Every structure is written in C-alpha cells, then in structure tokens.
Amino acid sequence: MNEKITAVCTDMLNGKLNFEAFYDKLTNLSEDTRTDEDTACLLEDVLMELEMISSETKSKKTLNDTAKECAERIIEELSK
C-alpha cells in the first residue's frame, strides 16, 4: 500500500492531481483495509489538516500548495 500512497503523493507533487483528487485518493487509501494502522493514522491526520485548510480558504493556489506540503510529509514519513 505504501507504494500506492507514494505514487499518489508523487502525482500531487508533479501537478498531475488537484487538491480535490488528492484528497479523494488519500481518503480511499486511508479507508482501505490493506493499509496498516500507523499509515492510516498518518493519512487521517493529513486529511484533517487538508479539511481545515479547505474550510479556511477557497484559494486554489493555497489549497494546492498545502496539498503538496502534505504529500512531501507523507513521502518523508513512509521512507523512515
């Protein structure tokens, strides 16, 4: 599952996904029963952060920048 998560994050960093698509894909991965518990918790934390930012701003640039920062953080955490 980590490979799938990393691929989604890489797509976000490369501009292949927008905020909404990134959020939806992470949600699906966090709910997948094959995702281990620690990784699912990491994804849920990131999803909550994305929800908070989404409720605070409607700026697509801010949303995408935040999503990219989260993608970088996920990749970093998964590489540990």
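Let's start at a turn in the chain: helix α1 is followed by G15, whose phi is positive, near 80°. Keep in mind that this is a predicted model.

**Two helices side by side**

Helices α1 and α2 can both be checked against the rise of 1.5 Å a residue, as the table shows.

| Helix | Residues | Expected span | Distance between end C-alpha atoms |
|---|---|---|---|
| α1 | twelve residues | 16 Å | 16 Å |
| α2 | 13 residues (19-31) | 18 Å | 18 Å |

In α1 the expected and modelled spans agree, and in α2 they agree as well.

What does α1 keep buried? The residues are I5, V8, C9 and M12. Viewed down the axis of α1, these buried residues fall within an arc of 95°, so they line one face of the helix. Their cover includes α2, α3 and α4.

**A closer look at α2**

At the N-terminal end of α2 sits a cap: a side-chain oxygen of N18 lies 3.3 Å from the backbone nitrogen of E20. Within the helix, F19, F22, L26, T27, L29 and S30 are buried. Seen down the axis of α2, the buried residues fall within an arc of 165°, so they too line one face. They pack against α1 (2-13), α3 (37-56) and α4 (60-78). On the face turned away from this buried side, α2 carries the exposed residues N28 and E31.

**One aromatic pair**

How many aromatic pairs does a search of the whole structure find? There is one. The rings of F19 and Y23 have their centres 6.5 Å apart and their planes at 20°, and because planes under 30 degrees apart count as stacked, this pair is stacked. F19 and Y23 are four residues apart in helix α2, so about one helical turn separates them. With a relative accessible area of 7%, F19 falls under the 20% cut-off and is therefore buried.

**The nonpolar core**

In soluble globular proteins, nonpolar side chains tend to be buried together. Here the largest nonpolar core has 21 residues, and those with the most contacts inside it are I5, F22, L26, V46, L50 and I74. Each of α1, α2, α3 and α4 supplies at least two residues of this core. Which helix gives the largest share? That is α4, with six residues.

L26 offers a handy place from which to explore the packing. Leaving aside residues up to four places away in sequence, L26 touches V8, L43, V46, L47, L50 and I74. Of these partners, V8 is among the buried residues of α1, while V46, L50 and I74 are listed with L26 among the residues with the most contacts inside the core.

Methods:
Residues are numbered from 1 along each chain as its sequence is written. This is a predicted model: local features need pLDDT of at least 70, side-chain atom pairs count only at pLDDT 80 or more; totals for chains, interfaces and linings use all residues. Side-chain values use heavy atoms; hydrogens and water are left out. The expected span of a helix is 1.5 Å times one less than its number of residues. Buried means under 20% relative accessible area, exposed over 50%, partly exposed in between (1.4 Å probe, protein chains only). The arc is that of the directions from the helix axis to the C-beta atoms. Contact means heavy atoms within 4.5 Å. A polar contact is a pair of N or O atoms within 3.5 Å; within protein, one must be able to donate a hydrogen and the other to accept it, and residues adjacent in sequence count only if both atoms are side-chain atoms. Rings of Phe, Tyr and Trp (its six-membered ring) pair if their centres lie within 6.5 Å; planes under 30 degrees apart count as stacked, over 60 as edge-to-face and the rest as tilted. A nonpolar core is a set of buried Ala, Val, Leu, Ile, Met, Phe, Trp, Tyr and Cys residues joined through side-chain atoms within 4.5 Å.
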